[in-house]
Amino acid sequence: MNPLRVPGPRPWWRRLTAGTGLLALVATALVGAGAPSSHAAPAAWTPKPSPMTTPWTAQVPVDKPLPEYPRPQLTRPDWANLNGIWDFAVTGRDAGQPAAFTEQIRVPFVAESALSGIKRRITENDKLWYKRTFTVPAEWNGRRVVLNFGASDWQSTVWVNGTQVGAHKGGFDSFAYDITPRLNGGTNTVVVSVYDPTQTGGQAVGKQRINDVNPHPGGGIFYTAASGIWQTVWLEPVAASHITRLDMVPDLTAGTLRVTVRAASGSGRTARVTVSSGGTVVGTATGPPGTVITVPVPGARLWSPEDPFLYDVRAELLDQASVVDTVGSYTGMRSVGLAKVGGIQRPVLNGKFVFQSGTLDQGYWPDGIYTAPTDAALRSDLQAHKDLGFNMVRKHIKVEPQRWFYWADKLGLLVWQDMPSMDTGKSPDTAARAQWEAEYHAIIDQHRSSPSVVMWVNQNEGWGQYDQARIADEVKAYDPSRLVNNMSGVNCCGSVDGGNGDVVDNHIYVGPGNTAPTATRAAVLGEFGGLGYRVPGHEWYPGGGFSYEDQASVSALNNRFTGLLDSIRIGQMPAGLSASVYTEITDVENEANGLLTYDRQVVKVDTARVKAANQALIQASRTPAPPATLPTGQNTSLRVTTPGHTNKYLRHQQELAYTAVVDGASGALLKNDATWKVVTGLANSNCYSLESRNYPGEYLRHQDFRVRRDADDGSALFRADATWCAVAGTGGVRLTSANLPGSYLRHIGSEVWLATPGGSHAWDNPATFTEDTTWAVDAPWAP
């Protein structure tokens with residue numbers, strides 16, 4: 001098959017079915033009809049040309065983009081979408097409201113994006129201003145009106161009819177204001193100012209940097225800034241006493257769902273929670289708002305990536321017998337934890353270990369930057385993970401809209417959610433720390449009921465690091481139902497491991513490397529891979545792409561990537577690795593590491609082949625093979641298993657390693673050269689080193705890929721080069737390098753090399769690769 005395929009906009013999202021409480025989340029939007037506006041008609045506005053077009057770029061409505069209900073775990077039938085064309089202006093950072101709004105912007109696309117219609121560089125010296133009008137539907141009379149913002153980056157101030165109704169700091173959490181006292185009964189005006197200093201401030205910023213908005217060389221692993229409103233803005237009528245949040249924690253042992261109904265003006269009220277499936281009630285319970293209500297869910301159908309079953313949830317707020325507020329929601333019954341499995345600390349889902357294979361998902365778009373052009377586009381990256389056989393995704397130092405979490409819940413992907421980092425190379429001051437922690441708590445609160453989220457990742461590679469251990473303990477106490485990662489990439493970039501949390505997380509490029517579990521923490525590979533392939537016609541800046549390891553062809557990319565997955569399955573997972581995150585699902589600007597191009601027009605890899613490799617890895621974790629071992633302290637001879645060459649043995653000759661025919665008639669020197677003493681690995685006690693029988697103190701090691709016999713010089717490099725980890729093979733063992741895991745001891749043309757599946761050297765030739773790297777452990781030719 002041709003691995004380069006161009007997917008069109010997929011119609012699958014229209015065909016999804018769900019329970020009655022979920023149906024409204026997937027399809028239609030309810031908007032206020034006939035709301036007049038002071039800005040020009042939408043036809044007067046046009047988007048800017050996008051650097052790259054996705055399959056959805058041209059499908060974005062001019063008015064009311066992203067019309068879907070934005071908060072799937074707290075739904076109400078009445079609401080009004082305020083996305084669309086707003087009047088817009090940019091002033092100096094300290095200026096007041098401008099007298100005139102001379103431009104127009106399409107909300108909720110950031111000012112730097114083409115889809116916003118602005119596409120302009122915003123700096124720390126600028127302030128953004130938004131303005132539009134709205135009317136409140138007559139049928140909302142008698143209820144409170146709440147103005148909701150999904151997210152706005154970074155410092156937002158809101159006025160309604162000339163009066164300030166609120167101010168918010170934070171670029172990744174939602175906020176809302178009750179604007180009822182400020183409404184005038186007719187045409188109302190909302191004005192929003194946003195100040196975003198990006199990396200020049202002290203706030204959570206993620207990968208954003210103030211750069212040219214047009215494609216340009218450089219940029220590295222940092223990308224275009226995303227300033228201003230970037231998630232849906234909407235109005236909603238509520239009762240004076242109403243539900244504000246549902247905190248839901250499954251308890252599989254008790255067969256219950258523990259629900260805390262958060263409410264405004266809930267004193268003296270009663271909350272009632274009902275769990276149902278397909279319209280059939282499975283459990284209901286009542287209790288005071290703000291307390292844990294235990295709802296029975298007998299014989300629960302468990303949520304997992306293979307079966308992401310969701311129950312419908314309805315929560316009601318009662319005043320005596322009268323229902324004053326009702327919201328819809330959903331939940332997945334699952335548990336997350338750590339457990340010893342085969343003596344190794346592992347993350348477990350529903351009490352069982354399953355290897356978590358995912359990608360780094362940065363959530364950037366060439367047309368919308370931080371905002372996916374449509375809901376179908378938002379879903380598509382998650383669907384791509386499923387298509388490729390992944391069961392996990394690490395959302396990398398960005399927090400997506402709540403509909404992204406809905407799709408992860410619905411499709412069945414385990415989510416590692418990063419808290420966006422502060423800028424690199426800086427020690428945050430007291431105010432920055434307080435703001436960052438407050439925003440992190442808000443993010444946890446807003447996504448704590450999503451069944452897909454299984455781990456909070458606090459910090460990344462030391463960026464803005466501080467108080468790692470304290471923060472990990474506090475996050476674990478704040479949400480004990482999930483795993484906590486105190487630092488992703490503890491081995492990288494000057495980061496400091498807090499020493500606690502549930503996992504030890506290394507970053508190894510290309511990897512996969514060796515990450516060892518401890519008695520209390522599971523071993524995970526938070527980043528690896530970074531294999532690059534640039535697709536002509538699908539580059540953000542043609543010729544400017546970079547990767548951690550360029551691949552010469554699609555075939556080389558497929559061989560190398562599936563080789564990495566196979567290496568994890570065969571070597572790292574049995575040795576204790578429990579999860580891996582491949583960099584990355586799509587190219588991002590000048591990063592060409594993606595399995596898909598940045599425009600989502602091309603899938604670079606062979607989907608079926610990658611899916612099969614992922615499935616084999618995940619399945620192997622469910623039925624682990626016994627570990628391969630060698631007879632430590634004993635002499636042995638290693639025989640070739642390649643058909644037609646099974647009378648040849650590994651030997652050294654003039655300090656280099658070869659294979660040669662050895663039999664009973666062979667001379668003593670050849671028999672000695674073909675005999676090795678197995679000792680505990682010089683660099684890793686879980687692995688082995690092979691000491692020469694007739695040159696004690698000299699070991700089999702690799703150097704510049706050639707395998708040779710050398711004396712131990714005591715250096716760390718030598719000891720790593722001379723350490724080999726045993727991996728089970730058909731008819732023998734395979735020996736992988738301790739410091740280059742995934743590369744194997746291989747004979748080819750009688751010479752012995754360190755060979756890599758999918759590698760570009762002659763000794764990496766895929767023909768008979770597995771057979772050539774499998775050695776039978778025989779009795780020694782020389783005792």
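How far apart do the C-alpha centres of domain 3 and domain 4 lie?

**Exercise 1. Place the two domains and describe their contact.**

Step 1. This is a predicted model, in which local features need pLDDT of at least 70, side-chain atom pairs count only at pLDDT 80 or more, and totals for chains, interfaces and linings use all residues. Residues are numbered from 1 along each chain as its sequence is written, and side-chain values use heavy atoms, without hydrogens and water.

Step 2. Find domain 3 at 383-622 and domain 4 at 634-778; such bounds come from an automatic or database domain assignment. Their C-alpha centres are 34 Å apart. The contact (heavy atoms within 4.5 Å) takes 12 residues from domain 3 and 11 residues from domain 4.

**Exercise 2. Characterise the domain 3 side of this interface.**

Step 1. Start with the buried area (accessible area, 1.4 Å probe, that two parts lose on being put together, summed over both). Between domain 3 and domain 4 it is about 800 Å², with 57% from carbon and sulfur atoms.

Step 2. Now look at Asn 514, Arg 560 and Ile 570: together they supply 51% of the area that domain 3 buries against domain 4, more than any other three residues.

Step 3. Finish with charge. Salt bridges (a side-chain nitrogen of Lys or Arg within 4 Å of a carboxyl oxygen of Asp or Glu) number zero between domain 3 and domain 4. On the domain 3 side that touches domain 4, three residues are nonpolar, eight polar and one charged, where Ala, Val, Leu, Ile, Met, Phe, Trp, Tyr, Cys and Pro count as nonpolar, Asp, Glu, Lys and Arg as charged, and the others, Gly among them, as polar.
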